Amino acid sequence: MSAEQPRLTPLGVMVLALLREGAMHPYEMVRLLRQRRDDRMVSITNGTLYHTVDRLNQQELLVEVGVDREGNRPERTTYRLTDAGRDAVTEWVRRELPRSDRTAQFRVALAEAHNLDRDEVITLLTLRREGLAADLEVHRRGLSDATGRGVQSQFLIEVDRQADLIETDLRWTDRLLQRLADPDYAWGVDSATSPTPVLRTDSKDSK
């Protein structure tokens, strides 16, 4: 592989992170990602996932470990994570977690933040908090200036909404930082005492 950091999509990161749990084939990856409702964060189709797996294989971030067939079903190739793939997840999370301008990437980085040490996560989220505070100030100043110039509020509703979203994000970040600062707050894969939960967003069983 090149010394240059591999270019990863959010779905690619989720696939690599999933393989930390063990080798599996793409069909199982799709099943688990959907069961855990990770499709809340990124679009997951069979086609995009198989394409993603193929690209990660070419980048040597995962590797084939075998092919099996059950009955009349098509052959299924099983993959495992490489050391380069494990490092790529960590580096991607490290780059995306402090950013305040890439919402979709941040959600995935946050979901995989447990792959970093607690102190590093605190540092990165503190940097993001500073960015959010600066963004909020820009939005508030813009609203004040526009209002002072007599701009009607109907033309400012998007800016007003975004300011409220940033303010909410700031409050949530402060609460998370407080929790992370508590040594009794479990953190990291090694501290996990139960399987990865399946998120239910309705009362129906997952299909």
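**View 1. Thr-82 lies in the loop between β2 and α4 (residues 83-96).** This is a predicted model: local features need a pLDDT of at least 70, side-chain atom pairs count only at pLDDT 80 or more, and totals for chains, interfaces and linings use all residues. Residues are numbered from 1 along each chain as its sequence is written, and side-chain values use heavy atoms, with hydrogens and water left out. Is Thr-82 buried or exposed? Thr-82 has a relative accessible area of 13%, so it is buried. (Buried means under 20% relative accessible area, exposed over 50%, and partly exposed in between, with a 1.4 Å probe and protein chains only.) Leaving aside neighbours within four places in sequence, Thr-82 is in contact with Glu-60, Leu-61, Leu-62 and Val-63. (Contact means heavy atoms within 4.5 Å.)

**View 2. Thr-78 and Tyr-79 sit in strand β2.** The strand covers residues 76-81. (Helices, H or I with at least four residues, and strands, E with at least two, are DSSP runs numbered from the N terminus.) Start with Thr-78. Its relative accessibility is 15%, so Thr-78 counts as buried. Beyond four places in sequence, Thr-78 touches Ala-23, Met-24 and His-25. The list for Thr-78 also includes Val-63, Glu-64, Val-65, Gly-66 and Asp-68. Now turn to Tyr-79. Tyr-79 is buried too, because its relative accessible area is 10%. Which residues does Tyr-79 touch, not counting those up to four places away in sequence? Among them are Leu-19, Ala-23, Met-24, Pro-26 and Met-29. Val-53 and Asn-57 are on the list for Tyr-79 as well. So are Leu-62, Val-63, Glu-64 and Val-65. One pair is worth finding along the chain. Tyr-79 and His-25 are 54 residues apart in sequence, yet their C-alpha atoms are separated by 5.9 Å.

**View 3. Helix α1 (residues 10-18) packs on helix α4.** Two packed helices are described by the angle between their axes and the distance between the axes. For α1 and α4, the angle is about 130° and the axes are 9 Å apart. That makes α1 oblique to α4. The crossing of α1 and α4 is left-handed. Which residues meet here? Pro-10, Val-13, Leu-16 and Ala-17 come from α1. Gly-85, Ala-88, Val-89 and Trp-92 come from α4. By class, this contact of α1 with α4 has 7 nonpolar residues, 1 polar and no charged. Just before α1 comes the segment that holds Arg-7. Arg-7 has a relative accessible area of 72%, so it is exposed. Arg-7 and Trp-92 are 85 residues apart in sequence, but 8.8 Å apart in space, C-alpha to C-alpha.

**View 4. Helices α6 (residues 118-148) and α7 (residues 157-181) pack at an angle of about 155°.** Their axes are 9 Å apart. Helices α6 and α7 are therefore roughly antiparallel to each other. (Angles under 35 degrees count as roughly parallel, over 145 as roughly antiparallel, 65 to 115 as roughly perpendicular and the rest as oblique.) The crossing of α6 and α7 is left-handed. The contact of α6 with α7 holds 15 nonpolar, 4 polar and 10 charged residues. (Ala, Val, Leu, Ile, Met, Phe, Trp, Tyr, Cys and Pro count as nonpolar, Asp, Glu, Lys and Arg as charged, and the others, Gly among them, as polar.)

**View 5. Arg-37 and Glu-60 each have a positive phi.** Most residues other than glycine have a negative phi. For Arg-37, phi is near 60°. Arg-37 lies in the loop between α2 (26-35) and α3 (46-58). At 25% relative accessibility, Arg-37 counts as partly exposed. For Glu-60, phi is also near 60°. Where does Glu-60 sit? The place of Glu-60 is the loop between α3 and β1 (62-68). With a relative accessible area of 47%, Glu-60 is partly exposed.

**View 6. The whole protein has 7 helices and 2 strands.** From the N terminus, the elements run α-α-α-β-β-α-α-α-α. Of its 207 residues, 34% count as buried. Among contacts between residues at least 6 apart in sequence, 64% join residues at least 24 apart. The average pLDDT is 88, and 86% of the residues score at least 70. (pLDDT is the predictor's confidence in each residue, from 0 to 100.) Residues 198-207 stay under 50 in pLDDT. For residues 198-207, the model has 11 contacts beyond four places in sequence.

Terms used
Axes fitted to C-alpha atoms, helices over the stretch in contact; angles between N-to-C directions. Left-handed = near helix turned anticlockwise from the far one by under 90°.
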